[in-house]
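Trainee: Could we go through this chain together, with the reasoning behind each label?
Mentor: Gladly. Have a look first, and then ask away.

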Amino acid sequence: MRRTEDKSLVARRLAAALTLAVGAALAAATAAGGCGKKDARPAVRFLEGPDSGGGWKEILARFKAVHPEIDVELVEGPAATNTREDMYATALLSGDTTYDVVYMDVIWVPKFAAQGWLLPLDERLPPAEREKFLPGDMRGSTWEGRVYRVPMQSDAGMLYYRTDLLAEPPETFDALVESAGRLQQPPGLWGFVFQGRQYEGLVCGFLEILWGHGGDVLDAQGRVVLDSPEGVQALTWMAGLVKRIAPEGVATYQEEEARHVFQEGHAVFMRNWPYAWTLAQAVDSPVRGKVGICPMVHAQGRASAATLGGWGFGIAKKARHPDAAWTFLSFATQPEQMKLLHFKNGAIPARRELFKDPEIVAKSPHYPDLYRVLLAARPRPVHPAYARISDALQVHVSAALVGTETPEAAIRAAAERIREAVGR
Ligand code: GLC
C-alpha cells in the first residue's frame, strides 16, 4: 500500500514539476520573442494531450486562416488526464495566466467551477445552442446551474472484439472470460487488454465492472456504498483477469498501450474508448476490417454500463482576452472541426447532428449504435472532491491488480478514504 500511495504522490510532484518546467519554457519563449513588444504571448493558450493524429494542428491552421489577428497556441502535454489536471490546477491555483482556455475532462468541471477558476458561459452559450450537444456532455459541463464548458469530444467506454475470431461478442463477464480463455494463445495473442495502470483510466474501467455487477461508489444521497458485496465481486473479477486472460503488463497500460497491443493483433478483446475504432481502421492497421465494438459486458441479470468521458473548452477566470478565447473555442467546436478531429484523431464528436452525418456514418457504420451507448453512459461521481475519490480508487484497485492487497481489503480501504473525502 505504501508503495502505491507513494506512486500517486510522485505523480503529483511530477505534474507540479512539469507545470513549472512548461511555465518556465513558455516564459522564456515569450521573452525571446518579445523584441520590446508589450506582450508577445499568443492571445489564447491551452494544454491538451499529444496530438497523435495531427487534428489539433489542422484546426489551429484553419483558425489562423480566418482569424489571423488571434494567435492560438496549443501546448501538447502528457497523455494522462490526471497529470494534465494537476498542471492546470497548479497554474490556476497560483493565479498565473499560463492558460487562457482550459481544455477540460468532464470530471474536472465540479472542482474547477467550485474553485472559481472558470468564467460562466451561460450568456455566450444560450439554451438553444446547448440543445445541439449530447445531453450527458452538456450536463457534465454544468455546475450548480451554470455552464462552464463547451463540449468538443464525447466518450463512453466500450468493448472491442475481433470479428475474424468470433461471430458474436459475449454479453456477460463469465462469457467474456470463457471465450477469451478459449481463443487466446499467449504470449502472441492474449484474451483481454484494458487500462490497468494506476491513473484515471483505471477508475473508468473499474466503474464499468462495478456498475455491471450492480454496485456503485455513492448512492443517490451521496453516501459511500462501494464496500458492498457487489463491490468486492467486481474487484475480484477484475483482479482475476491478470495473468489468466490479460498479460501481466496490463497493470502498466493506459489507453494507447492497450490500443497498440490490440491493433497489432495481439488481443481478442479490449476495453477502450471509441477513438480506437477509427484508428484500428487505418489502412496500415493489421486488424483493419476485423474489429467489432459493442457495450461492455455485465453480470447475469444486470445491465451493461459505460463510463461517460469527454472533453470540452472552458475559459479561465483570469484569461487575458476572454473574447478572443471565445472566438477560438466557438470556432473549434463547430461541426467541421469536430469532424476533422474525428477523422484525424478518432475523437467522438459532441454534437448530436454528427451521428447522422453521411461522411462519418459511411466510415463508421457503428455510429448510430454508439449514439445509444453515449446517451446511456454514466457519469463518475459528480463531486468537487472527485479527484480524491478517484485517487483512493486508483491506489486500491491497482493494489488488487498487482496482488499487494486482496480485493476485500482494497475495497474496504478505498471506501474508507472516500468517506473521508466526501465527509460522510
Ligand atoms: C478519456 C475520457 C476521459 C477520461 C480519460 C481516462 O480521455 O474522455 O473522460 O477521464 O479517458 O483516461
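**Where the two domains meet**

Mentor: The model is predicted. Across the interface of domain 1 and domain 2, four residue pairs are in polar contact, both residues of each pair being at pLDDT 80 or more.

Trainee: What makes up the side of domain 1 that touches domain 2?
Mentor: At least two residues each come from helix 3 (81-93), helix 4 (109-114), strand 11 (308-315), helix 13 (335-345) and helix 15 (367-376). Helix 13 gives the most, with four residues. By type, this side divides into 15 nonpolar, eight polar and seven charged residues.

Trainee: Which stretches of the chain belong to each domain?
Mentor: The domain assignment gives 10-17 + 41-155 + 308-378 for domain 1, and 156-307 + 382-422 for domain 2. The contact between them takes 30 residues from domain 1 and 25 residues from domain 2.

Trainee: How is the size of an interface often given?
Mentor: As the accessible area lost when the parts come together. For domain 1 and domain 2 the buried area is about 2,100 Å², and carbon and sulfur atoms give 67% of that. The domain centres, taken over C-alpha atoms, are separated by 25 Å.

Trainee: Why is the pair D216 and R378 called a salt bridge?
Mentor: The rule asks for a side-chain nitrogen of Lys or Arg within 4 Å of a carboxyl oxygen of Asp or Glu. The closest N and O atoms of D216 and R378 are 3.2 Å apart, so the pair meets the cut-off. Across the interface of domain 1 and domain 2, the rule finds one salt bridge.

Trainee: Why does E85 count as buried?
Mentor: Buried means under 20% relative accessible area. E85 has 8% relative accessibility, so it counts as buried. The place of E85 is in helix 3, and E85 touches W108, K111, F112 and A387, leaving aside residues up to four places away in sequence.

Trainee: And why is H266 called partly exposed?
Mentor: The label covers values between the 20% and 50% limits. H266 has a relative accessible area of 36%, and therefore it is partly exposed. H266 lies in the loop between helix 10 (255-263) and strand 9 (267-272).

Trainee: What does H266 touch?
Mentor: Not counting residues up to four places away in sequence, H266 touches G188, L189, W190 and V261. The side chain of H266 reaches the backbone oxygen of G188 at 2.9 Å.

Key: Residues are numbered from 1 along each chain as its sequence is written. This is a predicted model: local features need pLDDT of at least 70, side-chain atom pairs count only at pLDDT 80 or more; totals for chains, interfaces and linings use all residues. Side-chain values use heavy atoms; hydrogens and water are left out. Domain bounds come from an automatic or database domain assignment. Contact means heavy atoms within 4.5 Å. Buried area is the accessible area (1.4 Å probe) that two parts lose on being put together, summed over both. A polar contact is a pair of N or O atoms within 3.5 Å; within protein, one must be able to donate a hydrogen and the other to accept it, and residues adjacent in sequence count only if both atoms are side-chain atoms. Ala, Val, Leu, Ile, Met, Phe, Trp, Tyr, Cys and Pro count as nonpolar, Asp, Glu, Lys and Arg as charged, and the others, Gly among them, as polar. Buried means under 20% relative accessible area, exposed over 50%, partly exposed in between (1.4 Å probe, protein chains only).
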